[in-house]
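Student: I would like a close look at one part of this model, the surroundings of the ligand. Please set that part in the context of the whole chain.

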Amino acid sequence: MTEKMIRIALLSGGKSAEREVSIKSGDQVFSALDKNRYVITRYDPKEDLPRLARDADSIDVALIILHGRLGEDGTIQGFLDSLDIPYQGSGVLGSAMAINKVISKERYVQKGIPSAPYVVAGKGNAMDEEKILKELGLPVVIKPEHEGSSIGLSIVRKREDLQDALRKAWQFDARCLVEKFIEGIEVTGAVLGNEDLEALPLVEIIPGEKYDFFDYEAKYTPGATKEICPARLSPEITAKAQEYALRAHRALHCRGYSRTDMIVDGSQIYVLETNTIPGMTETSLYPQAAQGAGYSFSGLLDKLIELALDRSRDR
Ligand SMILES: Nc1ncnc2c1ncn2[C@@H]1O[C@H](COP(=O)(O)OP(=O)(O)O)[C@@H](O)[C@H]1O
Ligand SMILES: [Mg+2]
C-alpha cells in the first residue's frame with residue numbers, strides 16, 4: 001500500500017493588486033506539486049470561498065499562494081482557522097503584523113532590529129512635509145502602509161516631488177511610511193522552520209540599470225533583475241543579516257517561513273520589511289534561496305506542507 005494521499009486546497013488569485021502574480025505562482029506551484037503524494041483542488045478566493053467552506057471536511061491542508069490584502073494579511077488565515085484547515089506559513093497575528101509596514105517598523109525598533117529612520121505620514125496632514133525634511137532630509141522612500149510589490153511606492157529626491165508622492169501613497173492607505181533612502185546592496189533573507197528555524201543563504205538583488213529601485217516591473221519582468229545566491233558579502237555581514245532575518249521573523253510572530261528584505265551599507269544593515277507569503281514562482285527569491293540550501297522547488301513545497309501539518313507549530 002502506498003502512503004495515504006494528502007488532500008490539498010491550493011489558493012491563488014484573490015482580490016488584491018497582486019492578483020496576477022498570485023495566479024502565475026499558483027500555476028507553477030500546481031505543476032511542481034508531487035501528484036503521487038497530493039490530490040490538489042484549486043480555489044480562487046475571489047469567488048470560491050463558499051465552495052472552500054463546503055469542502056472543508058475533505059481538505060487536509062491549504063497552500064495559500066496569495067499576496068497582499070485578503071491573502072497575506074491574516075484574513076484568509078482566520079477564515080481557514082475557523083474551518084479548522086491547517087495552512088503553510090504565518091497565522092493571523094504574524095500575517096497581520098508583517099503586512100503592515102508601520103506596525104512592523106515599530107516591532108523592529110522594539111526588538112532592536114536596525115531599520116531606516118522614518119516618519120509616519122497621515123493623509124492630508126499639512127505638517128508632514130516640514131517634519132519629513134527636518135527629520136530625514138532627502139532622498140526618502142514613501143510607501144503605503146499595506147501594499148506589497150512596490151505598489152504606490154516612490155523615491156523622492158526633490159522637494160517639489162514630495163506632495164505628489166504622498167498623494168500617490170495615500171490613494172492606497174490613509175497612512176504611509178516615509179523612510180530615509182539607504183544606498184547599498186539589497187539582499188533578502190529567507191528563513192524556514194517551525195521550532196527549529198533555519199536561515200537560508202542570502203540572495204543579492206541587482207535591479208537592471210534602467211530601474212531606479214526594485215519596483216514592480218523590475219520584480220516581475222523576466223530578466224529585469226539579476227539575483228545572486230549566495231549574496232557576495234563577507235561571512236561576518238552574511239551571518240549578521242541572517243540573524244536579523246531570524247529576529248525579524250520572531251519579532252513579528254511569523255511561522256513556517258518568511259523572507260526579510262534588507263539593504264547593506266558597508267557594515268550597517270537595515271531591515272526593510274518581512275514577507276510572510278513570498279513570491280512562489282520557481283524563479284522567485286524564496287525558491288532561489290531554498291535551492292541554495294538544497295531544496296528543489298517541489299522539495300520546498302513538500303517541506304512547507306510538512307511544517308503546516310506539524311501539530312507542534314503553534315507552540
Ligand atoms: N529605505 C529604503 N532605501 C532604499 N531603497 C528602498 C528603501 N525602502 C524600499 N526601498 C526599495 O523599494 C523596494 C520595495 O520596498 P519594500 O520595503 O521591500 O516593500 P515591498 O516589497 O512590499 O513593496 C525595495 O526592494 C528597495 O529596492
Ligand atoms: Mg520587498
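Tutor: In this predicted model, 17 residues surround ligand 1, and those that come nearest are Gly148, Ser150, Ile182, Phe213 and Phe214. By residue class, the shell around ligand 1 consists of 9 nonpolar, 3 polar and 5 charged residues. Three strands each supply at least two residues of this shell: strand 5 (140–144), strand 12 (256–265) and strand 13 (268–275).

The position of the ligand follows from the domains. Domain 2 (97–114 + 182–314) and domain 3 (118–180) both contribute residues to the shell, so ligand 1 lies between them. The domain assignment also gives domain 1 (6–88), alongside domain 2, which is made of the segments 97–114 and 182–314, and domain 3 (118–180). The contact between domain 1 and domain 3 takes 6 residues from domain 1 and 5 residues from domain 3. On the side of domain 1 that touches domain 3, the residues divide into 2 nonpolar, 2 polar and 2 charged. Taken over C-alpha atoms, the centres of domain 1 and domain 3 are 33 Å apart.

One residue of domain 2 can be followed in detail. Pro114 sits in the loop between helix 5 (101–110) and strand 4 (118–122). With 13 other C-beta atoms within 10 Å, Pro114 is partly exposed, because a residue counts as exposed at 12 or fewer such atoms and as buried at 20 or more. Apart from neighbours within four places in sequence, the contacts of Pro114 are Ile269, Tyr270 and Val271. Strand 13 (268–275), which supplies at least two residues of the ligand shell, is thus the element that the numbering of these contacts points to. Pro114 and Ala248 lie 134 residues apart in sequence, yet their C-alpha atoms are 9.9 Å apart in space.

As for the whole protein, it has 11 helices and 13 strands. Its radius of gyration is 19 Å, close to the 20 Å that the globule rule gives for 315 residues, so the protein is as compact as a globular protein of that length. The C-alpha trace spans about 70 × 45 × 40 Å along its principal axes. Of the 315 residues, 43% count as buried. Among contacts with a separation of 6 or more, 68% come from residues 24 or more positions apart.

Conventions:
Residues numbered from 1 in each chain as written. Chains lettered and ligands numbered in written order. Predicted model: local features only at pLDDT ≥ 70, side-chain atom pairs only at ≥ 80, totals over all residues. Near = placed C-beta within 6 Å. Helix = DSSP H or I, 4+ residues; strand = E, 2+ residues; numbered from the N terminus. Nonpolar A, V, L, I, M, F, W, Y, C, P; charged D, E, K, R; others polar. Domains from an automatic or database assignment. Rg over C-alpha atoms; globule rule 2.2 N^0.38 Å. Contact = placed C-beta atoms within 7 Å.
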